[in-house]
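Reader: I am new to this structure and would like to know how each label is earned. Please show it to me, and I will ask as we go.

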There are 4 protein chains.
Amino acid sequence: MCGIVGVYNHNHAAILAANAMFAEQHRGQESCGIAVSDGKVIRLRKRMGLVKEVFTPEELEKLHGHIAIGHVRYPTRGTSTEFNSQPHVVETLAGPCYSLASNGDIVNYHEMRQILEDKGVYFASSNDGELILKYIIYKVEYEQMSIVDAIKCCMRDIKGAYSTVLATRYELYMFRDPYGFRPMSIGKTEDNSFVVASETCALDIVKAKFISCVNPAEIIVINDKGIRNIENDPNEYRTVDYAQHCIFEHIYFSRPDSYQFQEDVFSVRERIGVKLALMDNDFMPDLVVPVPDSSNFIASGYANFKKMPVTFGLIRNHYSGRTFIKSEQSIRDESVSHKFNVLPHTFKDKIVVLIDDSMVRGTTIKKIIAIINQAGAKEVHLRLGSPKVKYSCFYGIDTPNKDDLISNRLTIEQILDDFKITSIKHIDLDSLLNCVCKPEHYCHACFSGKYPIE
Amino acid sequence: MCGIVGVYNHNHAAILAANAMFAEQHRGQESCGIAVSDGKVIRLRKRMGLVKEVFTPEELEKLHGHIAIGHVRYPTRGTSTEFNSQPHVVETLAGPCYSLASNGDIVNYHEMRQILEDKGVYFASSNDGELILKYIIYKVEYEQMSIVDAIKCCMRDIKGAYSTVLATRYELYMFRDPYGFRPMSIGKTEDNSFVVASETCALDIVKAKFISCVNPAEIIVINDKGIRNIENDPNEYRTVDYAQHCIFEHIYFSRPDSYQFQEDVFSVRERIGVKLALMDNDFMPDLVVPVPDSSNFIASGYANFKKMPVTFGLIRNHYSGRTFIKSEQSIRDESVSHKFNVLPHTFKDKIVVLIDDSMVRGTTIKKIIAIINQAGAKEVHLRLGSPKVKYSCFYGIDTPNKDDLISNRLTIEQILDDFKITSIKHIDLDSLLNCVCKPEHYCHACFSGKYPIE
Amino acid sequence: MCGIVGVYNHNHAAILAANAMFAEQHRGQESCGIAVSDGKVIRLRKRMGLVKEVFTPEELEKLHGHIAIGHVRYPTRGTSTEFNSQPHVVETLAGPCYSLASNGDIVNYHEMRQILEDKGVYFASSNDGELILKYIIYKVEYEQMSIVDAIKCCMRDIKGAYSTVLATRYELYMFRDPYGFRPMSIGKTEDNSFVVASETCALDIVKAKFISCVNPAEIIVINDKGIRNIENDPNEYRTVDYAQHCIFEHIYFSRPDSYQFQEDVFSVRERIGVKLALMDNDFMPDLVVPVPDSSNFIASGYANFKKMPVTFGLIRNHYSGRTFIKSEQSIRDESVSHKFNVLPHTFKDKIVVLIDDSMVRGTTIKKIIAIINQAGAKEVHLRLGSPKVKYSCFYGIDTPNKDDLISNRLTIEQILDDFKITSIKHIDLDSLLNCVCKPEHYCHACFSGKYPIE
Amino acid sequence: MCGIVGVYNHNHAAILAANAMFAEQHRGQESCGIAVSDGKVIRLRKRMGLVKEVFTPEELEKLHGHIAIGHVRYPTRGTSTEFNSQPHVVETLAGPCYSLASNGDIVNYHEMRQILEDKGVYFASSNDGELILKYIIYKVEYEQMSIVDAIKCCMRDIKGAYSTVLATRYELYMFRDPYGFRPMSIGKTEDNSFVVASETCALDIVKAKFISCVNPAEIIVINDKGIRNIENDPNEYRTVDYAQHCIFEHIYFSRPDSYQFQEDVFSVRERIGVKLALMDNDFMPDLVVPVPDSSNFIASGYANFKKMPVTFGLIRNHYSGRTFIKSEQSIRDESVSHKFNVLPHTFKDKIVVLIDDSMVRGTTIKKIIAIINQAGAKEVHLRLGSPKVKYSCFYGIDTPNKDDLISNRLTIEQILDDFKITSIKHIDLDSLLNCVCKPEHYCHACFSGKYPIE
């Protein structure tokens, strides 16, 4: 995951960026950073931790400037260190003058890095944002290319998912890979600041009005002459005819109040719930219970279709943080009872439909089912808002090794037995794709194994 | 508010206490502390901050012992400093050997403190927990009273609300004021540890089975001879015939998955929702929307009765923390947009019933209504799960000065005008009391002005 | 070692104490602390580190009060932790109301601690200051003794060296063990503040005029009625007829500008130098070089007697701190080259008399000699201002185990061979004692093995 | 002042550098830094504070590499911030690949900085080291010059004092301004590491043998082919025929055990003492007392000539650190009594010659004289090892504004009166210059106003 933001033309660009990043905090809690330009120099602050911890009012005050880019990180490539956090900055004799933040994952990272290293380019991190930045700036500084041309070269050479913001001392660039894997939207505030973000909920928090998505392969530049969209045909760079949006953004990643890939996320989820309900025409549950909060709208769709209420039978403790004990295994055990508790006297002798968005390793849902069984449920029917996850993602989602995926490890029967539940159903891929308007514009490699890029 | 916990007979009593406190974190986020005894000496750690910040595994390891008491603090009396956080410890030549944590508020604090100070007793804080502790230990150390007798004296002399745990080096005492204002329950784990807590959700998290409430005026001692309940007639100490439980625990304070004052909290809330729905037989809303998360179950009650779904039209950002900007006024403005966002395309031209638990100052709900109006709602009807709050609480709730209460400042018509809403209704006191089994056992001074203690 | 200070009747007693402690910093660099009373409560701050690090202006401002006691610690008994640092404070229901700091070492520590522990007294440290404090306060609080009587009991029961200050909330007590092992002087400032300290240089720094030493077994009380000396015959408590001052205070511990045991320290050292010069009537050195700074005045005495100048051929780097490398052995190697360098072109082909105050383990002096030899010296004659150190000290000096003392490990011939020097001479004990006015008033157990207390 | 070091060809170059910097700590205590290259990338650590505080073993371990440069800073140009501390590093797409540390002061700083800024070069600090580095790297990166040629250009364009080390990822360069204002020596260890430093005492501490000074305008390169001295005639760059070494290095700055400008520093000081003694043929003092430690050898010279001993009547407390109190004025008052105390019973009725190296503002010496007078001295004769300081230095010494110099503010008579002393004498400039072998090779602008560069 990860989330990016960009701000142009605001006196306190860093404060706007921090607000937008706070709205995207669910996309990454490991580290965060803001780079800001005042027209003369780029200042950077990045640290491990949450946005509100890293960016106190005192720190934000030091980041003067009218252009800002920001990033919240969920670790994909590279270890958990400040080095691998974003944005990255490139310094020359002219000072720190380019910075970049990107959301996604590069498929040919090692190959491209080697090519640049052979030319004498230095890498401080193993993060793909740095690769994109160094690639572009190498073209600009050593091959006298314009930034726009360098970005076009990048789209040709660097394969993978990237929704990217790049700030120079004077301009803000934004662009998205030709497949459009990760979302990216642009908005404008009443006082004419431009804001770009991974999710529209980040535009909402700073009261920026949604203008449009950044299209696959599109390059947008904002500078003191205004905003300029550079036409750039994505089909020149890709082997498929359509965009390949990540379907998981709708199922799980994006906030329900975001508008992604031209869909209301919560509506897609409600439609998924309806599809699941349609599969259950053979029995009537007593309770429809979501695993909060990610599955709430899938459960609404299911329950509304069944003309019954959603029961919030699992109470989630939103105070988070590390575990109290040290041993590795205990950590995982503790983490579920820390997060969820059951409503008293609610599950006793009930037929429960338990709704979750997806099942990857299956460890958490197994423990949730255990506490529901312990609460006396008669039957537990697990319904999942996504097909079986059978393949790793190489475009920005942190999925485990194929062998650790429960759908590759166990049959449905084995899972029923292991989890001690009555039934389990996944939405099928066709039904899922029917929940969005343009099914062919989506990547579903994690379910189907059909990877748009090798 | 505030929350307390106590643990007896566990090898890692401090870890159990920390877990239980984490489940009570919603009752106080300002500071927290644990005092632990290993039979020889009492160790204390308390700090400003959340339980998971203050009690890292490293810190918990240092707190060996089989008896622990803990406290999470929401500031009532006393400034926000470590001094005023709890537990308190009393030291003598025999070392640090008594510690105490209490939830509530003392009415005759200044008078009682003066009496003790005149006898040479020192106070390090202005916190009522310290008063109770010093009072009891003075009786024990200087008047050779037993601890149980000293607690009985305390019930006679010290007026107010207190649900209290007291640990010596060998024993754990727990007791509750004769009115039983604040909740307190006791449970037992499979391996025979006793756990006492403000809420049963704290028993659940450590897998302790609920045994019973601690009754008003009851004193319970646990030591190596087992658990002993000391009969103590509350009517000897109080001027009313019944307990005076805080009705606000059901409306707002307690977690919905707790069982308080012999009621399931979420059920009381659903009943409140039904009462509110019964008041609206003159129109049919398009959407029933709770202010999450405290009003979710009131909204369920309302919507279920109306045979319509709850719409989660307000999305709450659970990542919290300080504001990004410094100026006082801006803080409050930012805080609402930081916490809540509307679902896109949901409110447009809709008749909305907006459900909240209570209205104290009215500042937050006003801003929430503003963003709903901005989202295009046709009508907004505000429904409140509590009567008008017109009086300050002196028994443990941090209510503002009477003059700041919106119900004392504005008439309903003025509020409609100020908030720009169509209608506003509070549940009436009788209906509210009908939602619990024993209405006469509750304190409702904040609504009625009928204070059980002067 | 260690150093103590006390201040009575100054608006900023803690600042005066900190200044005095800074002047005594050479007596202990491990930790330091100040306890201060404002007449109502005693506040304590103690930490590992130097006085100027621990007591910033901000910290001193928090320590209001007109009575202060302070301590700088060089570790003798107990591990290097804050617990073992001084002053200690005793808390009762009346608050933190007694505090004490002591310089010295208790011989029957374990026995006395056991007696008190059997009576239920708690010990937080393994430091002898705490033993003295708890002993006295036990007598006061549980046996209703006056403080003065309790101190007298202490002198009877607790054996060893102690120069002690004790502050209550209203009074300052000071007393010294019946043998007077460690120094302690009292002075008065122009604005009528009393200051007590281990060394008179600490009186000088706060412009307090020296009044007198605190005599062996003497007890002095200062309160709002003035200063009162309680006559107390030391012979009632000791088995020898005279005081037993530590002769090493003159040789090494005290600062040369202090006036200790009725002698100017620098003068005693110069006399030692004369005695050493008298032993060398058989050759004329080219250079007389002290190991700076502790041996400077011994070298002056030697050189002046010989009518030749002192040569400061070893330059000392006064910036101190930890080593740059981790391995244990390397630390010691580095530490000498870090501290000392030779003047260039000075030692070449010269007959050098190298003067040091004492030789305990012999490791440092060996390395100093090596760099002098490397600088081309023709002959090196080592002269030592103290006799052979052959016995451990139990009265406050951190001497190593007997077996580690070089004088017990090697013969003079072996040392000459090992150090690669021409000759080595110690002052003999009689000559040393002739350097002070009252030889029989000194303890020289580390040289002679004659311990005044078993 | 400030001090620089450079290390080439050592496995732990940073540890060697830290040791050498520790020996130069007297040249600057404000901040310090080390940049190290492992052949691939340059790592930098710089912080406010002393060498031993900033460079713990843990920090040094992170600085792997075989080339290191280091700097200790005494603030001259620029405010006291980490930005202005040295070394500086220049980063390009090839990573952080040039670093530089310099000791001195640039006369045409503003002019040269403007020229570079006009070309787009960015300055992060207002420190002259950064100017030299950016100047050279601009020539190298944008004008394709060799580093050696760029340094030669620098000598032509940049006017002032600089003894400089420059490290690339592979090589170590060192060079000195054509006037040779500040010292710089090179040495070699037994295991073939090269070490360069401001003072030879820094070579001693790492057991490097002195090879030679770096000559004015000389450029030395060390790389894997060995050491190479580039001949470079200083007269091409300067308007005077000789070097212009800073005479104050001998009087005060350098450590007495250093060999600077082909003189033993302590010997020059002793010769200064002799000159002062020659001026006092009209009376015989009782005591010759230096202000320790900087004037010790001047006093030796004086006393030895008079055939009398030096008396160390002022004892210096070497534990340093901030003051204990906040108010500005008090700070200065406290600082003298904190640093110096008098020996007891020593000054009474004595004729004292007090020796100091120089008198700039005169504030400290005035307070020292006050405590000597208070100790009962009959006469105090102040003798100063330098002529009257009447002009500001622009080549690396932090002298105050001309108007604050005591020699410009008061006549000798006024000083006698103000200080309450009997006589005062400065060495005259000719006598001072006679203390060194090549008088015409020295800058004495601060005394004479004859500035070698405008």
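**Chain A and its partners**

Reader: How many residue pairs are in polar contact across the interface of chain A and chain B, and what makes a pair count?

Author: The rule finds 15 such residue pairs across the interface of chain A and chain B, with both residues at pLDDT 80 or more. Each has N or O atoms within 3.5 Å, one able to donate a hydrogen and the other to accept it; residues adjacent in sequence count only if both atoms are side-chain atoms. This is a predicted model, where local features need pLDDT of at least 70 and side-chain atom pairs pLDDT 80 or more, while totals for chains, interfaces and linings use all residues. Residues are numbered from 1 along each chain as its sequence is written, chains are lettered from A and ligands numbered from 1 in the order written, and side-chain values use heavy atoms, without hydrogens and water.

Reader: Which parts of chain A each supply at least two residues of the side that touches chain B?

Author: Seven names answer that: helices α1, α2 (51-54), α3 (57-62), α7 (200-205), α10 (296-305) and α11 (328-339), together with strand β19 (340-342) of chain A. The labels are DSSP runs numbered from the N terminus: H or I over at least four residues for a helix, E over at least two for a strand. Helix α1(A) gives the largest share of that side, with 5 residues.

Reader: How do you know that chain A is in contact with chain B, and how many residues take part?

Author: Contact means heavy atoms within 4.5 Å. By that rule, 51 residues of chain A meet 52 residues of chain B. About 4,500 Å² is buried between these two chains, and carbon and sulfur atoms give 63% of it. Buried area is the accessible area (1.4 Å probe) lost by two parts on being put together, summed over both.

Reader: How many residues does the contact of chain A and chain D take from each chain?

Author: It takes 16 from chain A and 16 from chain D. The area buried between chain A and chain D is about 1,300 Å², with 64% coming from carbon and sulfur atoms. On the chain A side, the residues losing the most area to chain D are A:Glu91, A:Leu93 and A:Tyr122, which together make up 55% of what that side buries.

Reader: How many polar contacts join chain A and chain D, and which elements of chain A each give at least two residues to the side touching chain D?

Author: There are 2 residue pairs in polar contact across the interface of chain A and chain D, both residues at pLDDT 80 or more. Strands β5 (88-92) and β6 (95-106) and helix α5 (128-142) of chain A each supply at least two residues to the side that touches chain D. Helix α5(A) has the largest share there, 5 residues.

Reader: What shows that no contact joins chain A and chain C?

Author: Their closest C-alpha atoms lie 22 Å apart, and no contact is found between chain A and chain C. Chain B and chain D give a matching picture: no contact, and 22 Å between their closest C-alpha atoms.

**Salt bridges**

Reader: Why is the pair A:Arg27 and A:Glu249 called a salt bridge?

Author: The name asks for a side-chain nitrogen of Lys or Arg within 4 Å of a carboxyl oxygen of Asp or Glu. For A:Arg27 and A:Glu249 the closest N and O atoms are 2.7 Å apart, and therefore the pair qualifies. A:Arg27 sits in the loop between α1 and β2 of chain A and A:Glu249 in helix α8 (residues 248-253) of chain A, so this salt bridge ties together parts that are 222 residues apart in sequence. The whole structure holds 64 salt bridges over all chains. The count is 0 across the interface of chain A and chain B, and 0 between chain A and chain D.

**Two sheets**

Reader: What makes β3 and β11 of chain A edge strands?

Author: Start with the order of this open sheet of 7 strands in chain A, β3-β2-β4-β1-β10-β9-β11, with antiparallel pairing. Strands β3 (42-48) and β11 (209-213) of chain A each have a single partner strand, so one side of each is left without a neighbour in the sheet.

Reader: How do you know that β2 and β3 of chain A pair?

Author: Pairing requires that DSSP finds at least two bridges between the strands. Strand β2 (residues 31-37) of chain A and β3(A) have 7 bridges in the antiparallel sense, so they pass. Within this pairing, A:Ile34 stands opposite A:Arg45 in β3(A).

Reader: What is the strand order of the open sheet of 6 strands in chain D?

Author: The order is β5-β6-β7-β8-β12-β13 in chain D, with antiparallel pairing. At its edges are β5 (88-92) and β13 (226-230) of chain D, each pairing on one side only. Strands β6 (residues 95-106) and β7 (residues 160-168) of chain D pair in the antiparallel sense over 9 bridges. One bridge partner is D:Gly160 in β7(D), which faces D:Ile106.
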